[in-house]
Amino acid sequence: MSDAAQPTAAEVRAAAEAVKTALDRHLAAIERRSGEDDPAVSEAFNQLAAAAEAYDELLYDRYDEVTPFEIPGAEDTLPPYAGPGEPHAISVLVRRDYTVAEPQRLLAQAQRVEAAEYDDGGDEDGAAASVPGALGILFGEFEPDEIASRHKEFGLEEGDSTLWVTAAEEPPEAGEWLAAPFEHIDPQAVVCRFDVSAVFDDDASDDEDEDELDFVEDDDEELEPLDADK
């Protein structure tokens, strides 16, 4: 940015004062809130976020400095909850991303599960011979939470994950949404959401991998058995 386009020091100072005012209003709204979903608190939160973002931008443009605050973008936030006050049904939507970091480990573990299902040890050209087939076997045999807790054992590396809880007046009819399970989600019916991402933990140590346990080794070595029973 050229010097002519830079904000003045007075503009930066005014933006800082606006943040202070927004902070006071936010705290006052919280102190006076009438319940968990008080719209005054939501409005004060949005005003504080807007003021902090404006200050952050001016501070960077003028001084090439930033604040330590993470301002969520509009696409990362949910609107105020407007669902039923006493929901009689909820839906839990979960997405977990993985990278197939070690395909051979994945295949080996799936082959062990497949072999346990057949007296003759299974077919070398069976489902466990390919990565898609191995994934089908493992996710069919183990609960998603168990896959999440043992992902390293299965040759997977965790990516982002999110969990949304939505509320409804009545449960849907059996089989109603199975054809398109993740469509028609009303953001205002989301009670809460929980996100996990490496973007929130940029300072994670590279030493975390030192304590990982390996379960698939050469055939000559002893292997920790998999519990193939649900």
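**View 1. What covers the buried side of helix α2 in this predicted model.** Among the parts that cover the buried residues of α2 is another helix, α1 (9–31). Which residues of α2 are buried? They are Val 41, Ala 44, Leu 48, Ala 49, Ala 51, Ala 52, Tyr 55, Asp 56 and Leu 59. As you look along the helix, keep in mind that an α-helix has 3.6 residues a turn, so residues three or four places apart point the same way.

**View 2. Helix α2 from end to end.** Helix α2 runs over residues 39–63, which makes 25 residues. At 1.5 Å a residue, α2 should span 36 Å, and its end C-alpha atoms are indeed 36 Å apart, so the two values agree.

**View 3. The two ends of α2.** Look first at the start of the helix: a side-chain oxygen of Asp 38 comes to within 2.9 Å of the backbone nitrogen of Ala 40. Now move to the other end, where Asp 64 follows α2 and has a positive phi, near 60°.

**View 4. A pair of aromatic rings.** How many aromatic pairs are counted here? The count is 1. Phe 142 and Phe 154 make up this tilted pair, with 5.3 Å from centre to centre and 40° between the ring planes. Phe 142 sits in the loop between α4 (131–141) and α5 (144–149), while Phe 154 lies in the loop between α5 and β2 (156–168), so the pair links distant parts of the chain, 12 residues apart.

**View 5. Are the two rings' residues buried or exposed?** Phe 142 has a relative accessible area of 2%, so Phe 142 is buried. Phe 154 is buried too, with a relative accessible area of 1%.

Terms used:
Residues are numbered from 1 along each chain as its sequence is written. This is a predicted model: local features need pLDDT of at least 70, side-chain atom pairs count only at pLDDT 80 or more; totals for chains, interfaces and linings use all residues. Side-chain values use heavy atoms; hydrogens and water are left out. Rings of Phe, Tyr and Trp (its six-membered ring) pair if their centres lie within 6.5 Å; planes under 30 degrees apart count as stacked, over 60 as edge-to-face and the rest as tilted. Helices (H or I, at least four residues) and strands (E, at least two) are DSSP runs, numbered from the N terminus. Buried means under 20% relative accessible area, exposed over 50%, partly exposed in between (1.4 Å probe, protein chains only). The expected span of a helix is 1.5 Å times one less than its number of residues. Contact means heavy atoms within 4.5 Å. A polar contact is a pair of N or O atoms within 3.5 Å; within protein, one must be able to donate a hydrogen and the other to accept it, and residues adjacent in sequence count only if both atoms are side-chain atoms.
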